[in-house]
Structures are given as C-alpha cells and as structure tokens.
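Work through the exercises below with the sequence and the structure at hand. Each task is followed by a solution in steps.

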Amino acid sequence: MSVPTVHHLDCAPMNPVGGAPLVAHCLLVETGGGLVLVDTGLGSADVADPRRLGTFFRRTMRPELNQAHTAYHQIRVLGYDPRDVQDIVVTHLDLDHAGGLADFPQARVHVMADEYRAAMRRETRLDAGRYVTAQWNHGPRWTVHDTADANWHGFAASRVLRFPDILMVPMPGHTRGHCAVAVQEPDRWLLHAGDAYFFHGEMDLRRPRCPRAMSMHQRLVAENHRERLTQLERLRELRRADPRLIRIFSAHDAREFSQLSTERFGRVM
Ligand SMILES: [Zn+2]
C-alpha cells in the first residue's frame, strides 16, 4: 500500500476589500502511481488574461496575479512533472477553484453531477458570474460523480481513489454540487472542506464566529444559505466527535493553511 505525500499549496493569494488575506488552499497528493490535485486555484491563463475573471471578482477579492502562484509552477518547483497529474478533484467549479484545469489537460477532472450541471448551464445571474466557461474550453476529461458509493464517517460519499483513499463528500450550499474532499494520511484524515466555510472561527465548537464582512460575502455568494449552515453544523459535529483523527480545513482560511503547510516538517509520519 502506498503512503501518500501531501503538499499544501496556496494557488491564489487574495486580499479582499475590507477583510483579512485569503488563500486558495489546494492539495497535491503524491500517490506512488501519479499525482492528484485537489482544487486548482487560478491558472496560467487567468494570470495572462485576468479580464476573463470579471471585474466583480478582481475588485472585491483582489487576487495576486503571478505565475509563481499557479499549481503548475509550484508543482515544477517541487520537482514534479505537471504532466504526471492524472486526477484533479474539485470541491466545486467557482473561478478561484477551477482556473488551473487547463494547465493539466491530460488529467481526469472529478466533479459532482449537480456541480457539473450548474456550471454548464449557468442559469442564474449568480451562476453566470461565478462560473467562467473559458476555464474549461480546452475540454477537460470530466468524470462526473452522481452516486454515493461509500460511507465516510456517516456522510454519503463518492470514492475517487482507493490507495490512498480519496473521497468526495457532498456538502451543498455554497454551490449546488459543492463537496468536501477526504484524503487519508497514515495516521489521520484530511478533510478539505472547500467553501463550506471561509473562516476558522466558524468551526469553533464553543463560540462559532466570523468577521461580519466575510459572513456577508458568504451569504451573498451562497446558492443556498440555509443549506450551507446545515452542512456547517454537520462539520462541527464531526470535529466534536473526532478532533485528532480528522483535520478539517477551509479552502480560504490563511491560518489553517499556514498551520498545515508548515506542520509537515515536524510531523512523525
Ligand atoms: Zn472559493
């Protein structure tokens, strides 16, 4: 059985108006048989032509646009070949998560069926702004997951890989087909919660909290605000039950990112 090496990458540092800096937390998993990427942040083409991201995103989230932040570039710096990325698992297809897809045209792209449909149709005004079709006009090798074939700690889930175990855990609310992604490490699980929440304080078991501007932003961009809160409560329950064996983190929280990206060196594997 292969032991995965997991790298934590910030593939789109952002400096939102009126708020603390955010990251775009992506995972690069070395499986022994190839590389798996969880979320992609912004990609080379977004940096080359930021206009395609739209004015609203650029003016409110203020991403730092630099090729050095792309997953493609960081993978090369780590000494890997970007062509070895065989699978990409996306928590959802918002522009700050799907921007790097075109940098890995050979990869299978795993997405929940509801998310795929919403992104292809872009029926609502909200969807038309959040999904950028140019990010997938290269024709990715979509692998659409529409059934739950596994149970992960009481959550219905869809398995992507078995060694190491990687599963998609549907967690709708932020978008229609949003999911968390569970990755098994030798001694614990990582749960990339995507945009289920933005701020570490939201996962506080005693006194959940979130800065006002960030709270308003999340409400504004949620496809279903109530559903997001329901799922967030389930995440807190999970944390309460198993705080050491499951490490939950958001796609955008800078503190969680800095903890996880530095702890590797001190951890006993
Ligand atoms: Zn996001």
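**Strand pairing exercises**

Val181 has His192 of strand E11 opposite. The model is a predicted one.

**Exercise 1.** Find which strand is joined to E11 by 5 bridges, and state how the two strands run.

Solution. Step 1: strand E10 covers residues 179–185 and strand E11 covers residues 188–192. Step 2: the 5 bridges between E10 and E11 join strands that run antiparallel. Step 3: with 2 residues between them, E10 and E11 make a hairpin.

**Exercise 2.** Find the strand that runs parallel to E11 and the bridge partner of Leu191 in that strand.

Solution. Step 1: E11 is joined by 4 bridges to strand E12, residues 246–249, and the two run parallel. Step 2: Leu191 has Ile248 in E12 as its bridge partner.

**Exercise 3.** Give the strand order of the open sheet of 6 strands, and explain why E1 and E6 each have one side without a neighbour.

Solution. Step 1: the order is E1-E2-E3-E4-E5-E6, with mixed pairing. Step 2: E1 (5–10) and E6 (141–145) are at the edges and each has a single partner strand, so one side of each lacks a neighbour in the sheet. Step 3: from one strand to the next, the twist averages 20°.

**Exercise 4.** Describe how E3 and E4 are joined, then locate the helix H5 that packs on the sheet.

Solution. Step 1: E3 (residues 35–38) and E4 (residues 85–89) run parallel and are joined by 4 bridges. Step 2: Leu35 is opposite Val85 in E4. Step 3: helix H5, residues 113–121, touches strands E5 (108–112) and E6, and its direction makes about 95° with that of E5.

Technical notes: Residues are numbered from 1 along each chain as its sequence is written. This is a predicted model: local features need pLDDT of at least 70, side-chain atom pairs count only at pLDDT 80 or more; totals for chains, interfaces and linings use all residues. Two strands pair if DSSP finds at least two bridges between them. Axes are lines fitted to C-alpha atoms, for helices over the stretch in contact, and angles run from 0 to 180 degrees between N-to-C directions. Two residues are in contact if their C-beta atoms, placed from the backbone, lie within 7 Å.
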